[in-house]
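User: Please examine the model shown below and answer a series of questions about its packing.

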Amino acid sequence: MFLVKEARVLLGTTVSVAVVYYDVEYAEYAIQRAFDEVKRIENLMNIYNKNSEVSKLNEQGFLQGASADLVHVIREAGKIWKLTDKVFDITILPLIEFLDKNFSVKSTSFMKDLKTVLELVNYGKVKVCQNNIKFLKRGMKITLNGIAKGYAIDRAIEILIKHDIKHALINAGGDI
């Protein structure tokens with residue numbers, strides 16, 4: 001048995017995959033497939049990639065024909081939103097952007113503008129119907145930064161299992 005490890009920068013952090021397997025070459029192949037899956041998920045859900053599904057959804061306010069992965073993650077985020085009494089909310093992006101832009105700006109309209117932005121933060125205004133996603137309020141945006149990394153790691157582990165890897169560890173910026 002051999003320990004085979006590799007690390008890459010993905011998901012805004014260092015992702016390392018370590019597997020124990022008797023064939024080093026095959027282990028490297030399986031690790032590559034796991035990294036391919038993480039990259040695929042990153043390409044779907046990255047708010048900084050203008051071609052990602054999330055960016056298109058944020059720009060248009062709707063997305064028809066969304067991937068099963070995106071639909072799944074958004075629905076899971078909704079479950080977490082309910083479980084946390086609406087504390088975990090993927091629609092937080094307008095607030096993050098507003099605070100980034102106005103943090104050190106002295107403005108007499110700050111509180112009024114903040115109230116307007118806060119009206120955009122409400123997962124309850126996200127509608128998912130089959131593979132179509134729509135925001136019910138103009139200006140809403142999502143970020144999946146609080147959930148996509150975990151999902152990508154779960155998918156990578158599934159890929160390793162499909163490749164008969166029984167002993168593996170994935171570390172994505174401290175999330176194991």
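**Packing and cores**

User: Against which elements do the buried residues of H6 pack?

Analyst: The model is predicted; local features need pLDDT of at least 70 and side-chain atom pairs count only at pLDDT 80 or more, while totals for chains, interfaces and linings use all residues. Residues are numbered from 1 along each chain as its sequence is written, and side-chain values use heavy atoms, with hydrogens and water left out. Helices (H or I, at least four residues) and strands (E, at least two) are DSSP runs numbered from the N terminus, buried means under 20% relative accessible area (exposed over 50%, partly exposed in between; 1.4 Å probe, protein chains only), and contact means heavy atoms within 4.5 Å. The buried residues of H6, including Tyr151, Ile153 and Leu160, pack against strand S2 (13-21), H1, H3 and strand S6 (167-172).

User: How far apart are the end C-alpha atoms of helix H6?

Analyst: The expected span of a helix is 1.5 Å times one less than its number of residues. For the 15 residues of H6 (residues 148-162) this gives 21 Å, and the computed separation of the end C-alpha atoms agrees, at 21 Å.

User: Is Ser52 buried or exposed?

Analyst: Ser52 lies in the loop between helix H1 (24-45) and helix H2 (53-60). Beyond residues up to four places away in sequence, Ser52 touches Asn43, Leu44, Met45 and Asn46. Its relative accessible area is 0%, so Ser52 is buried.

User: Which residues touch the most other members of the largest nonpolar core?

Analyst: A nonpolar core is a set of buried Ala, Val, Leu, Ile, Met, Phe, Trp, Tyr and Cys residues joined through side-chain atoms within 4.5 Å. One residue with many contacts is Met45, which, leaving aside neighbours within four places in sequence, meets Ser52, Val54, Asp69, Leu70, Val73, Leu144, Ala148 and Tyr151. Among the 46 residues of the core, those touching the most other members are Met45, Leu70, Ile74 and Leu144.

User: Which element gives the most to this core, and with how many residues?

Analyst: Elements giving two or more residues to the largest core are strand S1 (2-10), S2, H1, H2, H3, S5, H6 and S6. The one that gives the most is H1, with 9 residues.

User: What percentage of the residues in the protein chain is buried?

Analyst: The chain has 6 helices and 6 strands, in the order β-β-α-α-β-α-α-α-β-β-α-β. Of its 176 residues, the buried share is 41%.
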